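Thank you for passing this model along for comment. The points below are set out in an order that can be followed with the structure open.

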Amino acid sequence: MISHLPTEPVVITGIGMITSVGQDRESTWRAVQRGECGIRRMTGLTPIPDNLVLGAPVDLPNMNRDIMKPMLLNNITAEEAILDSNVDLTDVDLERFGCAISGHMGDAAGRSIIEDRPVNWITTGVNWWNQLYPNTSCGQIANRYGLMGPRICHSTACASGLVDMMSAVRAIRDNQCDIALVGSGESIDPLFAAGFRSMRVLSDSDDPKNSCRPFDKQRNGFVMGEGSAMFVIERLSHAVARGAKIYAEILGCRCLSEAHHVTGLDMESVALERLITDTMRVSDLSPRDIEYINCHGTGTKQNDINEIRGIRAAFGIQAQRTCVSSLKSMLGHLVNASGSVELALTTLALRDGFVPPTSNLRNPDPECDLDCIPQVGRHLKAQHAMKLSVAFGGHLVAVAIRRWNDAASGYGYPELRRAA
């Protein structure tokens, strides 16, 4: 077996994505650049009455109702990520190809167990009981592509996508594999929607598209969303040997927890400050290096203030020159998939030199006094970015990435141009 240095860079070479504002990677990114919003009144979320809750769903006109929606979304983005990476599955060692796809709860409203109708699994090959495992999507997709490297699946609430990214990076650095498919997907589950509504954390508004307002004094909660993002990541030598195009290098990942409360946050932000500081340390970065932070940014007062305080404490005076934004104002909260989708968009922000906005931010909360990119995105040739996830259960994760500037293997910065 070839020996590899544990310090060899791990890079992103493929991205697939689907959200409420776009059916693939580039359409989603263009919509986010423009500040478009996919939030609307939800219908068909049995047994929740139509129009009772807001959501940002993904429309799949020809959806197979016998397959859980997160699996469908993950299959779409896995295929796009593999095509985007231009990896030839017949020319790589599949025993060294890992798969890390987060656990999911499932699209329970569409299942036969709820609707009391039999699934014709004998002819379709689909049965509902095999789809109730949280790792169903991970196993199904790995089997689809014949991936026989490490198979990893975490369920850590809204931190799941970044935890699986961190685990896949570690698997590569531990020499368990050379390349991996990584990501997560989520659909709006009626049980979760009912639970969040009972907790009174869901936003409501006569104008759905202006409902989710992170960092705004008039915020009134978050909105659930749907979507998926997948990445192909690999060690640098493996990517270069096959002539891959590289988006970014994953510099460092860190995960820790707040020993505080299932849903409440430590408003002193001690743990988040330590997370950010540790991530910068292992990434060999200083606060001066990080020009953009993609926040968890749910649009709840507790979360927004917790993040801003943590960033300010970790960055000190440099916090004033770092811009931050929350994409949940457009996409909703994708729960298990939020980290993956938002990291994918952060990577594209570095690729194109354009940082996306916090739409609906019109009346900033004085306690959220950083540059939160209100309403309109901007051109910024950032080199480094950080993605944060602050999850129920006290899971805190951060991932730092660096833009890949090599003209031969990466993306040369485009000329400044208007957002598409």
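1. Two strands count as paired if DSSP finds at least two bridges between them, and helices (H or I, at least four residues) and strands (E, at least two) are DSSP runs numbered from the N terminus. On that footing, strand β9 (residues 248–257) and strand β15 (residues 395–403) run antiparallel and are joined by 9 bridges. Within this pairing, C253 stands opposite V399 of β15, and I250 has I401 as its bridge partner.

2. Before going further, please keep in mind that this is a predicted model, in which local features need pLDDT of at least 70 and side-chain atom pairs count only at pLDDT 80 or more, whereas totals for chains, interfaces and linings use all residues. Residues are numbered from 1 along each chain as its sequence is written, and side-chain values use heavy atoms, with hydrogens and water left out.

3. On confidence, pLDDT is the predictor's own confidence in each residue, on a scale from 0 to 100. The chain averages 88, and 88% of the residues score at least 70. Two stretches stay under 50: residues 109–125, for which the model has 28 contacts (heavy atoms within 4.5 Å) beyond four places in sequence, and residues 416–420, for which it has 11 such contacts. Where pLDDT is low, the predicted coordinates should not be read in detail.

4. Strands β9 and β15 belong to an open sheet of 10 strands with mixed pairing, in the order β5-β4-β6-β8-β1-β9-β15-β14-β10-β11. Each of β5 (151–152) and β11 (323–325) has a single partner strand and stands at an edge, so one side of each is left without a neighbour in the sheet. Strands of a sheet pair through backbone hydrogen bonds, either parallel or antiparallel.

5. What pairs with β15 apart from β9 is strand β14 (residues 384–390), in the antiparallel sense and over 7 bridges; here H384 stands opposite R402 of β15. Burial is judged by relative accessible area, with buried meaning under 20%, exposed over 50% and partly exposed in between (1.4 Å probe, protein chains only). Because 7 of the 9 residues of β15 are buried, this strand is largely enclosed by the rest of the structure.

6. Two buried arginines deserve a look. R25, in helix α1 (residues 25–34), counts as buried at 11% relative accessibility, and a polar atom of its side chain lies 2.7 Å from the backbone oxygen of I15. Leaving aside residues up to four places away in sequence, R25 touches I15, M17, E80, D84, Y247 and L348. R235, in strand β8 (residues 227–235), is buried with a relative accessible area of 3%. The side chain of R235 makes a polar contact with the side chain of D178 at 3.0 Å, a polar contact being a pair of N or O atoms within 3.5 Å of which, within protein, one must be able to donate a hydrogen and the other to accept it, with residues adjacent in sequence counting only if both atoms are side-chain atoms. A polar atom of the R235 side chain also lies 3.0 Å from the backbone oxygen of C177.

7. A search of the whole structure finds 4 aromatic pairs, where rings of Phe, Tyr and Trp (its six-membered ring) pair if their centres lie within 6.5 Å, and planes under 30 degrees apart count as stacked, over 60 as edge-to-face and the rest as tilted. The rings of F192 and F196 have centres 6.0 Å apart and planes at 65°, so this pair is edge-to-face. Both residues lie in helix α7 (residues 190–198), 4 residues apart, about one turn of the helix. F192 is partly exposed at 29% relative accessibility, while F196 is buried at 9%, and together with F222 they form one aromatic cluster.

8. Finally, some backbone geometry is worth checking by eye. T46 and P47 are joined by a cis peptide bond with omega of about 5°, and P47 is found in the loop between β2 (40–41) and β3 (54–56). N51 lies in the loop between β2 and β3 and has a positive phi of about 70° although it is not a glycine; its relative accessible area of 44% makes N51 partly exposed.
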